[in-house]
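Here's a protein fold to explore together. Have a look at the sequence and the structure, then read on for a short tour.

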Amino acid sequence: MTPGQRIRPRTEADPARATLRKAAAENFPVAPAFLPRAWRDGLMAVYGYARLVDDIGDGDLAPGGHDAVLLGLDPGQSDDRLAMLDALEADLHRVFGATAGGPRHPLLQALRPVVRAHALTPDPFLGLIEANRQDQRVSRYETYDDLLAYCELSANPVGRLVLSLTGTSTPERVRHSDAICTALQIAEHLQDVTEDLGRDRIYLPAQDMRRFHVAEADLRAPVANASVRSLIAFESERARHLLNEGTPLVGSVHGRLRMLLAGFVGGGRAALNAVAAAGFDVAPGPPKPTKSGLLREVAAVLRTAPRKR
């Protein structure tokens, strides 16, 4: 899943437009208006693809099987998540010209010119599909390292694509970007503990749950007990440390890209602040950052991020 706030299943007839509309509810700005048009178009194309992958993996597609038909499947296969992910991967190969003909799904049609204009490679896009395949097979993570390996597939490719789209990718920037994206993914998991339980998924490492004496039944309670809150606080601090580790990325770039990346970091900090403000009780539902809280955090990142000349 992409690092951000999850939205409810789509109900509109136009699946591409409905998917792109979800960008407004993310924890961070996806393609703000201050960016150059080419960047905005590229970011929205990547976002649309990533959101579609997640909607397939989470079972959040609109009823009626329209997406399945677009991908060359029967409408009844819309609920077969692995078949849908396989069909999406086949359409992705059409984006890169690995098979005859162009892509079938409108969101992948929109992605094709972006891929060509920026010489993007398939690997980050394939990683997002593989993360969602993993979601169909794996519902619990034993260790924090296991969770980080999942984030390497589910979150880090997005940041790497942002760097590629803006022509700013270097090994050091990729390292910082990975830290930020993993932090954003963990923050989302913390916000969405209850929603993930509804899908029979737990992204809190089992090793940490044992350390804090938290059982799965405790996570299902309508109000979090002290042990659960301590666990959420612990994982929040880990995510905050990763955000701080990645923040030098903001200072390594200039102009409008610096503002965009500050928005990512600030969005993560605001999300973690919202979790803390809820007393680390995420049982009632995802604590949401306020717009003012987001703006304060973005401004703080811009003030404090170390600049590199």
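## Helix 8 and what comes after

Let's start at a turn-off point: right after helix 8 comes Gly 167, and its phi is positive, near 65°. Keep in mind as you look around that this is a predicted model.

So how many of the residues of helix 8 are buried? The count is 8 of the 10, so the rest of the structure largely encloses this helix. The buried ones are Asn 156, Pro 157, Val 158, Gly 159, Leu 161, Val 162, Leu 163 and Leu 165.

## The big picture

Zoom out and you'll see a protein chain with 16 helices and 0 strands. The chain has 309 residues, and 54% of them are buried.

There's plenty of long-distance contact along the sequence, too. Take the contacts between residues at least 6 apart in sequence: 69% of them join residues at least 24 apart.

## Helix 6 and its two partners

Helix 6 (residues 123-137) is a good one to follow, so let's see how it sits against two other helices. With helix 2 (residues 37-58), the axes come within 9 Å and cross at roughly 15°. Angles under 35 degrees count as roughly parallel, so helix 2 and helix 6 are roughly parallel to each other. The crossing of these two is right-handed. On the helix 2 side, the contact is made by Val 46, Tyr 49, Ala 50, Val 53, Asp 54, Gly 57 and Asp 58. Helix 6 brings Phe 125, Leu 126, Leu 128, Ile 129, Asn 132 and Gln 136.

Now for helix 8 (residues 156-165): helix 6 packs against it at about 160°, with the two axes 9 Å apart. That angle makes the pair roughly antiparallel. Which way does the crossing of helix 6 and helix 8 go, left-handed or right-handed? This one is left-handed. Here Pro 124, Phe 125 and Leu 128 of helix 6 meet Pro 157, Val 158 and Leu 161 of helix 8.

## Inside the core

The largest nonpolar core holds 78 residues. Which of them touch the most other members? They are Tyr 49, Leu 88, Phe 125, Leu 204 and Leu 219. Pick out Tyr 49 and set aside its neighbours within four places in sequence: its contacts are then Leu 88, Leu 92, Leu 108, Leu 111, Phe 125, Leu 126, Leu 128 and Ile 129.

Ile 56 is worth a click as well. You'll find Ile 56 in helix 2, and it is buried, with a relative accessible area of 2%. Again setting aside neighbours within four places in sequence, Ile 56 is in contact with Leu 61, Leu 71, Arg 81, Met 84, Leu 85 and Leu 88. Its C-alpha atom is 8.1 Å from that of Asn 132, although the two residues are 76 apart along the chain.

## What about the cysteines?

A disulfide is a covalent bond between the sulfur atoms of two cysteines. How many disulfides does a search of the whole structure find? The search turns up 0.

Why is Cys 151 not bonded to another cysteine? The closest cysteine sulfur, in Cys 181, is 9.8 Å from the sulfur of Cys 151, and that's too far for a bond. Cys 181 is in no disulfide either, with the sulfur of Cys 151 as its nearest cysteine sulfur.

Are these two cysteines buried or exposed? Cys 151 counts as buried at 0% relative accessibility, and Cys 181 counts as buried at 7%.

Note on methods: Residues are numbered from 1 along each chain as its sequence is written. This is a predicted model: local features need pLDDT of at least 70, side-chain atom pairs count only at pLDDT 80 or more; totals for chains, interfaces and linings use all residues. Side-chain values use heavy atoms; hydrogens and water are left out. A nonpolar core is a set of buried Ala, Val, Leu, Ile, Met, Phe, Trp, Tyr and Cys residues joined through side-chain atoms within 4.5 Å. Buried means under 20% relative accessible area, exposed over 50%, partly exposed in between (1.4 Å probe, protein chains only). Contact means heavy atoms within 4.5 Å. A disulfide is a pair of cysteine sulfur atoms within 2.5 Å. Axes are lines fitted to C-alpha atoms, for helices over the stretch in contact, and angles run from 0 to 180 degrees between N-to-C directions. Helices (H or I, at least four residues) and strands (E, at least two) are DSSP runs, numbered from the N terminus. Angles under 35 degrees count as roughly parallel, over 145 as roughly antiparallel, 65 to 115 as roughly perpendicular and the rest as oblique. A crossing is left-handed if the near helix is turned anticlockwise from the far one by less than a right angle, and right-handed if clockwise.
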